[in-house]
Amino acid sequence: MYWTEFFTVALVHLLAVASPGPDFAVVVRESVSQGRRAGLFTAWGVGAGILVHVAYSLLGIGLIVSQSIVAFNVLKYLAAAYLVWIGIKALRAKPDPEGVKIKAHATHELSAWKSFSIGFITNGLNPKATLFFLSLFTLVISHETPLWVQGGYGLYLAIATGAWFTMVALLFSQQRVRAGFARMGHWFDRVMGAVLVGLGVQLVLSAARAEVSAH
């Protein structure tokens, strides 16, 4: 009896996850600069981050956040600070003294846990994801739907998100694709850094506008 609701959730999620944002930016950056292993763990971290949003939505904390401009703005500022921090690190990228050649195993390759945590934190602090789940659990999913079914939806969303970004990581970590980006060398890192900083600034401005309108 919940199949119709599930398919609605799946369709809405597909449209949302395919929309470029911070998650897409970090997965692409890690896949290109660090390789397939880092890209995959970052993708899986993004998928696991979905469980954070599912948890607070099921616990009802999402309702509190949706009713509190201050709480939601704090989340935005935290997310903005994290994105700007990652972006600035990318902006400081220096030219590779060995040119455009990509090594099979970079000497500065991130650990699996570090890559996973980048994806997890990026999604966990993503206000776009917060808004999505607040809308999902208040407008699409009925309050009469049992919690275990809602939890099943959440598990599917985490797996589906991880699967989507796994495909993104596999695409952008291909040797040919990486070689294409490598021709731009450190400029690719700087462009991605600018994108992340821009997303962070956008969040700050959004929070500031919300505070002004509240007063």
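**Questions on an all-helix model**

Me: Is Leu-14 buried, partly exposed or exposed in this predicted model?
Reply: Leu-14 has a relative accessible area of 46%. Buried means under 20%, and exposed means over 50%. The value of 46% lies in between, so Leu-14 is partly exposed.

Me: Where is Leu-14 found?
Reply: Leu-14 helps make a nonpolar surface patch of about 320 Å², together with Leu-11 and Leu-15. The stretch that holds Leu-14 covers residues 3–17. That stretch is helix H1.

Me: Is Ala-10 buried or exposed?
Reply: Ala-10 is also found in helix H1. Its relative accessible area is 13%. The cut-off for buried is under 20%. Therefore Ala-10 is buried.

Me: How many Å apart in space are Ala-10 and Ala-160?
Reply: In sequence, Ala-10 and Ala-160 are 150 residues apart. In space, C-alpha to C-alpha, the separation of Ala-10 and Ala-160 is 8.8 Å.

Me: How many helices does the protein have?
Reply: Read along the sequence, the pattern is α-α-α-α-α-α-α-α-α-α. There are zero strands. The number of helices is 10.

Me: How many residues does the largest nonpolar core have?
Reply: Val-27, Val-28, Phe-165, Val-168 and Leu-196 have the most contacts inside this core. Helices H2, H3, H5, H8 and H10 each supply at least two of its residues. A second, separate core includes Phe-6, Val-9, Ile-141 and Ala-158, and has 13 residues. The largest core has 23 residues.

Me: Which residues does Phe-165 touch, leaving out those up to four places away in sequence?
Reply: Phe-165 is one of the residues with the most contacts inside the largest core. Leaving out residues up to four places away, Phe-165 touches Val-17, Asp-23, Phe-24, Val-27, Ala-43 and Val-46.

Me: Which side chains meet in a salt bridge?
Reply: A search of the whole structure finds one salt bridge. Its N to O distance is 2.8 Å. Both partners are buried. They are Arg-29 and Glu-30.

Me: What percentage of contacts between residues at least 6 apart join residues at least 24 apart?
Reply: The protein has 215 residues, and 46% of them count as buried. Take the contacts between residues at least 6 apart in sequence. The share that joins residues at least 24 apart is 90%.

Me: What share of the exposed area do carbon and sulfur atoms supply?
Reply: The protein exposes about 11,700 Å². Of this area, carbon and sulfur atoms supply 71%.

Definitions and conventions
Residues numbered from 1 in each chain as written. Predicted model: local features only at pLDDT ≥ 70, side-chain atom pairs only at ≥ 80, totals over all residues. Heavy atoms only, no water. Patch = residues over 30% accessible without salt bridge, like charges linked within 9 Å, V, L, I, M, F, W, Y side chains within 5 Å. Areas by Shrake-Rupley, 256 points an atom, 1.4 Å probe, with all protein chains shown as cover. Salt bridge = Lys/Arg side-chain N within 4 Å of Asp/Glu carboxyl O. Helix = DSSP H or I, 4+ residues; strand = E, 2+ residues; numbered from the N terminus. Buried < 20%, exposed > 50% of the residue type's maximum accessible area, 1.4 Å probe, protein only. Core = buried A, V, L, I, M, F, W, Y, C linked by side-chain atoms within 4.5 Å. Contact = heavy atoms within 4.5 Å.
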